[in-house]
Amino acid sequence: MTTLATAALRARTALHSPRGILAGRILAVAAIVWLIAAPYMVDLFTIILLSQALSLGLLAVSVAVLGGGAGLPSLGQVAPYAVGGYTAAILADHGMRIGVVHTLVAAAAGALFNALTAPIVVRTRGVTVLMITLAVGELVRTAAEKWKSVTGGTDGKSGIPPIEPFWGMGDLVDDVDTYWYVLLTTLVVIALTALVLRSPAGLLLDGARENETRMRATGHPVTGYLTVTYIGVGAIAGVAGALLISIQRYISPAHIGFDTSSLVLLAVVIGGGASLVGAMIGAALIVFTRDWLSGPWPGHGPLLLGLLFLIAVYTLPGGLAGVVAGGPRAAWRSLAKVIRPAGKSTADTDEPEADETTASEPAAADGPDLAKRASDEAGARAEVAPDPDALLTITGLTRRYGALAAVDGLDLTVRRGARHALLGPNGAGKSTVLAMIAGANPVTSGSIVFDGRDVTDLAPARRSRLGIARAFQQPAVVPSLSVLDNVTLAAWRHARRGGIAWRPSRYRSLAGEAAIHLETVGLTARADEIAGELSHGSRRLLDIAMALAGHPKLLLLDEPAAGLTDTDIELLADVLKALPAEVTMVLVEHNFALVREVTDTVTVLASGQLLATGTPDEIAEDRAVRDTYLGASEPEHQEVG
Ligand SMILES: Nc1ncnc2c1ncn2[C@@H]1O[C@H](COP(=O)(O)OP(=O)(O)OP(=O)(O)O)[C@@H](O)[C@H]1O
C-alpha cells in the first residue's frame, strides 16, 4: 500500500501549503455550488448517478480517513457499509422509515461493527491490514448470502419502502428529492469529518500514520487513537450504506463484495489518499466511468476503470488533490515524468519523500528466545536494591537473535545528571541497548530499573511517560507537519491537560510552550517550515527537540552526529552541553571528539559485553580499549567505528 501512503503524504503536504489550502477551499466551494445547481442543469439519469456517487463517495471518505489519515489501508469498509445498509433496510421493512433515524442507527451499527473488529485490525500494519480487512469484508458478504431470513440471501432485500427524511416531510419517491436528501446528509457527514480532522486531534492521526515509533516514544497511545478512528469510519460507512437504501431501495451481496472495496480504494487513490473532496471526486469519476461511458462501449467498464487506475497512479502521484494544490504546472510535471525517459526526471526533486524512519524501527516482536525468560528473573528483578544516586540500573541485560547475543549480560549504572557515552565498534550492541532501555526492543533476559522502578516489561509509551526520551539514529519526525507541530505533538502527553485535541486555543498554548524546545536547538526561525523539507542536520536537531519536549529525566541519543557537517556537529555539541542539569544523557556515538566534549563517563562495549568504563580521558588511555577499538592513533582524530 505504498502507493496510497505515498500519495497521501504528497497530497497532504501539497494541501497544507497556503496555495493548497486556498485551492482546496475553492474546489470544495465550487463542487458544492455545482452539486446544488446540478438538478437544474443535468438530466434525471445523471442525477441518479450523482446520488450513487455521493453514497459511494462517503464510503470512499471512510477509506480515505482510515488509509490516508490513520495509515490503515482497508479493503473491508464494505463491512460496516453493508451493516448500515441492511440495518436501514430492516428498519424500513419494520415500519421505521424516518431517514434521520436510519442515518443515526446505521451509523451506530457501522461503528459497533468496527468496534467489534477493531482488536484484530488496528494492531496490524501494511499489507496485513489489507488482508485482514479483506477477510472481514468477505465474511460479512458471505454472512449476507447465507443469512437468508434476515438479508434475503443472494437475491438480496428488494421492495424496501421509500423513506421519509424527517417526521411529516413525506416519502422520498422522486429521484431529485432523494438526491437532495443524499446530498444534504453527505455534506453534513463530510463537514463533521473535516472538523475533526482539522482539529488538533487530526494531528494525532498524522503523527500515528507517519511516525508511529516517534509517537509511541513520546507517550502517545497510538493503538487507542487508531481504534477510535476505526470506530468513527465505521459510522461513516454505515451512513453511506443507509443512503444506498434510500437511493435504490434494494441491497444484495453484490453491492458489498470485493468489487465495491476495490472501486472505493481506487477512488481514494485517484482523489489523493488523504483528501475528502478528492475521494468524493474519485468516486464520482468511477461511477460515471462505469455506468455512463460504458453505455456507448458496453462491457468495457472494467477496462476503462483499469485504465483510469493506471493513469491515476502513474501521472498523479498526489492524486487529484496534489494537482489541485500544485496547479496546472504540477499536473504537467507529473505527465512529463511519465513521458520523459527514465533517469532524467527533475520534476520530482521538489517533492518530499516519505520518511523511512518508521519502517527502520523493527516492531517489538518477541523472538522465540523471549518465551524462555525465566520467571525467577522477575523475582530477582523485584529485589533490586534502589541506589538513590543511580537513575538507570541495568543488570544482566541480554538480547539474543537466534544464536547471536547482540547484548550479552550487560551490567551498567547511569548516575543522575550524568553525561554517559556508550562506545564500541560496529555491531557491539550499543543501539540495541538504547532500544531496550526505551522499550522498543524486547529483553531476552536481565532487568532495567529506571528511577527506582523496574521498567523491563513496560511499553515504550509508558516509559516515555515515566521520563525516558529518545532521539533516533534516523531522525524520527512527522514529515508532513510543521516543525512546531512536531514539537507540540511530542510535548502533548507530558502536558497532561484535557481538551488539547478538541480546543485549538489549548493546542496553541501548548505550542507556545513547545516553542521553547525549538529555541534550545536553534530552530525557532524555522518553526513554520514543513519538517520533511528540512536538511538532515536540522531534522536531527528537531528530533532532539522532540525528545526534550517531554521534559525527560533520561535522554537517549543514538549517533546524533552521524551524517552531520562539522558546523552542525559544533551546533549539536553546544546543544548537548547546554542540556538542563536534571536531564541525564546516554549517548551512543562514534565521534570520540564529540564524546570527549560533551560526556563525563564512557562505557565501552565489545560483542555485547562491557569492556571498560571510565572518564573519556581514562578510556582514551585504556590499553584494552585502544587494542580492541580505538587503535594506536590519537583518539581525538578518529571517527571511531
Ligand atoms: N533485528 C535484528 N535481527 C538480527 N540481528 C540483529 C538485529 N538488530 C541488530 N542485530 C545484530 O545485533 C548486533 C548489535 O547490533 P547494534 O545495532 O546494536 O550494534 P551497534 O553497536 O549499535 O552498531 P553500529 O555502531 O553499527 O550502529 C549486530 O551484530 C547486529 O547485526
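**Notebook: ligand shell, two sheets and a few odd residues**

I began at the ligand, where helix H19 supplies the largest share of the surrounding shell, three residues. This is a predicted model, so I noted the rules: local features need pLDDT of at least 70 and side-chain atom pairs count only at pLDDT 80 or more, while totals for chains, interfaces and linings use all residues. Residues are numbered from 1 along each chain as its sequence is written. Helices (H or I, at least four residues) and strands (E, at least two) are DSSP runs, numbered from the N terminus.

**Entry 1: the ligand**

I found 13 residues around the ligand, and the closest are Tyr401, Ala406, Asn426, Ser431 and Thr432. Here a residue is near a molecule or strand if its C-beta atom, placed from the backbone, lies within 6 Å of it. Two elements, strand E2 (404-415) and H19, give two or more residues to this shell. I sorted the shell by type and got five nonpolar, seven polar and one charged. For that sorting, Ala, Val, Leu, Ile, Met, Phe, Trp, Tyr, Cys and Pro count as nonpolar, Asp, Glu, Lys and Arg as charged, and the others, Gly among them, as polar.

**Entry 2: the six-stranded sheet**

In what order do the six strands of the open sheet run? I read E6-E7-E8-E3-E9-E10, with mixed pairing. Strands E6 (468-471) and E10 (609-614) are the edge strands, each pairing on one side only. The twist from one strand to the next averages 20 degrees. Two strands pair if DSSP finds at least two bridges between them.

I then went through some of the pairs:

- E6 runs parallel to strand E7 (residues 554-558), joined by four bridges, and Ala471 stands opposite Leu557 in E7.
- E7 and E8 are parallel too, with five bridges between them; Leu556 has Val586 in E8 as its bridge partner.
- E3 and E8 pair in the parallel sense over four bridges, and Ala421 is matched with Leu587 in E8.

Next I looked at what lies against this sheet. Helix H19 (residues 430-438) packs on it, touching strand E3 (419-423), E6, E7, strand E8 (584-588) and strand E9 (601-606). The direction of H19 makes about 145 degrees with that of E7. Helix H23 (residues 536-549) lies across E6 and E7, running at about 175 degrees to E6. Contact here means that the C-beta atoms of two residues, placed from the backbone, lie within 7 Å. Axes are lines fitted to C-alpha atoms, for helices over the stretch in contact, and angles run from 0 to 180 degrees between N-to-C directions.

**Entry 3: strand E8**

Is E8 mostly covered or mostly open? It is mostly covered, with five of its five residues buried. Buried means 20 or more other C-beta atoms within 10 Å of a residue's own, exposed means 12 or fewer, and partly exposed is in between, with C-beta atoms placed from the backbone. In a regular strand the side chains alternate between the two faces of the sheet. In E8, Thr584, Val586 and Val588 point one way and Met585 and Leu587 the other way.

**Entry 4: the four-stranded sheet**

I also traced an open sheet of four strands, ordered E2-E1-E4-E5 with antiparallel pairing. E2 and strand E5 (453-454) each have a single partner strand, so one side of each is left without a neighbour in the sheet. Five bridges link strand E1 (residues 390-401) and strand E4 (residues 445-450) in the antiparallel sense, and Leu392 stands opposite Phe450 in E4. H19 turns up here again, packing on the sheet and touching E1, E2 and E4. Its direction makes about 115 degrees with that of E1.

**Entry 5: two positive phi values**

His551 is not a glycine, yet its phi is positive, about 45 degrees. I located His551 in the loop between H23 and E7. It is partly exposed, because 14 other C-beta atoms lie within 10 Å. Ser607 is not a glycine either, and has a positive phi of about 50 degrees. Ser607 sits in the loop between E9 and E10, and counts as partly exposed with 16 C-beta neighbours inside 10 Å.

**Entry 6: Tyr507**

Tyr507 belongs to helix H22 (residues 504-520). With 22 other C-beta atoms within 10 Å, Tyr507 is buried. Leaving aside neighbours within four places in sequence, Tyr507 is in contact with Pro200, Thr488 and Ile500.
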